[in-house]
Amino acid sequence: MMISFRVRRSVSTSNDLTVGPHTQSISQWPNVLRSAISFVFNPFSYNDFISFATTYIKNNLCSDLSIPHLCKTLHVSKNVLYKSFHESRGCTVTEYINRQRIKQAQKLLRETNMPIYHIATSVGILNYTYFCRLFKKSTGLSPIVYRNNV
């Protein structure tokens with residue numbers, strides 16, 4: 001395996017090296033190389049990736065969780081994202097996101113008196129009708145009935 005680095009010497013009189021967009025002092029350069037080599041030979045493990053991805057989704061339910069945005073944020077291709085979720089969770093990425101949103105909505109319905117349309121937007125679903133349809137499909141009850149029964 002061949003590893004190459006493009007190193008450009010700064011024109012300034014300081015002892016800085018620039019690698020791509022990053023500037024490092026010469027004294028820090030061995031640490032940079034060690035980190036790069038460590039990353040190449042000890043890549044992010046599959047379990048770490050799934051754990052990071054699921055944590056990211058749970059912590060960002062109300063923000064953009066589109067597939068292109070997730071791929072960009074997680075630094076993976078669409079195929080890797082789809083395959084990893086299917087193998088680890090047994091569902092698609094979208095199904096997993098919707099499950100997490102419905103779980104959070106159930107919690108909010110039980111523990112707060114927030115209006116249902118506020119709950120829908122707080123879990124990242126801006127369309128109230130779609131939220132009610134998704135909630136009923138997932139739980140068998142409409143959000144209003146769920147709140148009254150719990």
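The following exercises, each with a worked solution, concern the predicted model shown above.

Residues are numbered from 1 along each chain as its sequence is written, and side-chain values use heavy atoms, with hydrogens and water left out. In this predicted model, local features need pLDDT of at least 70 and side-chain atom pairs count only at pLDDT 80 or more, while totals for chains, interfaces and linings use all residues.

**Exercise 1. Describe the secondary structure and the overall burial of the chain.**

Step 1. Helices (H or I, at least four residues) and strands (E, at least two) are taken as DSSP runs, numbered from the N terminus. The chain has eight helices and three strands.

Step 2. Along the sequence, their order is β-β-β-α-α-α-α-α-α-α-α.

Step 3. Residues are classed with a 1.4 Å probe and protein chains only: buried means under 20% relative accessible area, exposed over 50%, and partly exposed in between. Of the 150 residues in the chain, 29% are buried.

Step 4. Accessible areas come from the Shrake-Rupley method with a 1.4 Å probe, and for residues only the protein chains shown count as cover. The accessible surface of the chain is about 10,200 Å², with 55% of this belonging to carbon and sulfur atoms.

Step 5. A contact means heavy atoms within 4.5 Å. Among contacts between residues at least 6 apart in sequence, 46% join residues at least 24 apart.

**Exercise 2. Identify the largest nonpolar core and the elements that build it.**

Step 1. A nonpolar core is a set of buried Ala, Val, Leu, Ile, Met, Phe, Trp, Tyr and Cys residues joined through side-chain atoms within 4.5 Å. The largest such core has 18 residues, and Ile57, Leu65, Leu70, Leu74, Leu81, Phe85 and Val93 have the most contacts inside it.

Step 2. Two or more residues each are given to this core by α2 (46-59), α3, α4 and α5. Helix α2 supplies the largest share, five residues.

Step 3. A second, separate core has 14 residues, including Ile116, Ala120, Leu134 and Phe135.

**Exercise 3. Determine the surroundings of Ile57, Ile67 and Leu74.**

Step 1. Ile57 lies in helix α2 and is buried, because its relative accessible area is 0%. Beyond neighbours within four places in sequence, Ile57 contacts Leu65, Leu70, Phe85, Tyr96 and Ile97. The C-alpha atoms of Ile57 and Tyr96 are 8.9 Å apart, although 39 residues separate them in sequence.

Step 2. Ile67 belongs to helix α3 and counts as buried because its relative accessible area is 14%. With neighbours within four places set aside, its contacts are Lys78, Leu81, Tyr82, Val93 and Thr94.

Step 3. On the same basis, Leu74 is in contact with Phe49, Phe52, Ala53 and Leu81.

**Exercise 4. Locate Leu108 and list its contacts.**

Step 1. Leu108 is in helix α5 and is buried, because its relative accessible area is 15%.

Step 2. Not counting residues up to four places away in sequence, Leu108 touches Met114, Ile119, Ser122, Val123 and Arg147. The C-alpha atoms of Leu108 and Val123, 15 residues apart along the chain, are 9.5 Å apart.

**Exercise 5. Examine the charged residues Lys83, Glu87 and Arg101.**

Step 1. A salt bridge is a side-chain nitrogen of Lys or Arg within 4 Å of a carboxyl oxygen of Asp or Glu. One salt bridge is counted by this rule.

Step 2. Lys83 forms a salt bridge with Glu87, with 4.0 Å between the closest N and O atoms. Both residues lie in helix α4, four residues apart, about one turn of the helix. Lys83 is exposed because its relative accessibility is 51%, and Glu87 is exposed because its relative accessibility is 51%.

Step 3. Arg101 is in helix α5 (residues 93-111). Arg101 is buried without a salt bridge, and the nearest side chain of opposite charge, Asp64, is 7.0 Å away; Lys and Arg count as positive and Asp and Glu as negative, whereas His and the chain ends are not counted.

Step 4. Beyond residues up to four places away in sequence, Arg101 touches Leu61, Ser63, Leu65, Val123, Gly124 and Ile125.

**Exercise 6. Characterise the backbone and exposure of His75.**

Step 1. His75 is in the loop between α3 (67-74) and α4 (78-89).

Step 2. Its phi is near 60°, a positive value in a residue other than glycine.

Step 3. His75 counts as exposed because its relative accessibility is 70%.
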